[in-house]
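Student: I have a model open and want to work through its packing. Can we take it step by step?

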Amino acid sequence: MFRPRIETKESLAGYFLRLVEQNCLSGASELLQVLRQRDTPPSRPSLLPQFGVYALDVVANVLGRTTEEFELHCRPLDSLTGRTRKVQYLGLKWPLSIFRNKCRAWCPECMASNSIHRADWDLRLVTTCLTHRCHLVERCLDCGQAISWQNSRLDACRCGMRLSQVIALPLDIGDGRWVPDIADDADRLMRTLIFDIIGFPRNIGKL
Ligand SMILES: [Zn+2]
Ligand SMILES: [Zn+2]
């Protein structure tokens, strides 16, 4: 099995999709079988909002890596269900609603240049890529569906469209100049709040 290192800015769920790709597996559910992640009664909360992951030490063992490597990217849940469900990450608790836990958002140009799904795209408050000055894409431009974690490939919608090849809406488009300015400023404010003031997630560093 090909066992790449998880990258600092990579989402753990995205890393799992990369493992699926690089090991020619059929999808996330086959990978989770390979990683021996099975829920056994009584049900336990998944460590990841996106996939059923229950034991990082087993994941690390199968992949020949260290548990600590994955703990930096992990978001253990402290309860199973409900609107008040929280995600504990790096010692701080967050509402589950802060994460894009069902469907993905991405910057096509980032995806094209470095085939990983970045961790900051998993935060709902992050809506733009400041490197490429574009809005993150949240739907397949071919079939119109949201890109679910369960049914997508790392760089493809279930319909086959490559995520890295879509054209994202640039921040600077439009006749109303204040709209992109506000979007840009709001995004910077959120990033400052999340990454600099609150310090989340510390392992991702400056984005
Ligand atoms: Zn980008
Ligand atoms: Zn599609």
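The questions below go from one helix to the nonpolar cores.

Student: Is Leu56 buried or exposed?

Tutor: This is a predicted model. Leu56 sits in helix α3, residues 56-63. The cut-off for burial is 20 or more other C-beta atoms within 10 Å. Leu56 has 22 such neighbours, so Leu56 is buried.

Student: Which residues of α3 are buried, and why do they lie on the same side?

Tutor: An α-helix has 3.6 residues a turn, so residues three or four places apart point the same way. In α3 the buried residues are Leu56, Val59 and Leu63. They share one side of α3 because their arc around the axis is only 60°.

Student: Which helix is included in what covers the buried residues of α3?

Tutor: Gly64 follows α3, with a positive phi near 65°. Leu56 and Glu69 are 13 residues apart in sequence, yet their C-alpha atoms are 9.6 Å apart. The cover over the buried residues of α3 includes residues 67-71, helix α4.

Student: Which helix gives the most to the largest nonpolar core?

Tutor: That core has 22 residues. Helices α1 (12-22), α2 (28-34) and α3 each supply at least two of them. With seven residues, the top contributor is α1.

Student: How many residues does the other core have?

Tutor: Leu31 is among the residues with the most contacts inside the largest core. Leu31 touches Phe16, Leu19, Val20 and Leu25, leaving aside residues up to four places away in sequence. Another core lies apart from the largest one, with Ala105, Cys110, Leu123 and Cys157 among its members. Its residue count is 16.

Methods:
Residues numbered from 1 in each chain as written. Chains lettered and ligands numbered in written order. Predicted model: local features only at pLDDT ≥ 70, side-chain atom pairs only at ≥ 80, totals over all residues. Helix = DSSP H or I, 4+ residues; strand = E, 2+ residues; numbered from the N terminus. Buried ≥ 20, exposed ≤ 12 C-beta atoms within 10 Å, placed from the backbone. Arc of directions from axis to C-beta. Contact = placed C-beta atoms within 7 Å. Core = buried A, V, L, I, M, F, W, Y, C linked by C-beta atoms within 7 Å.
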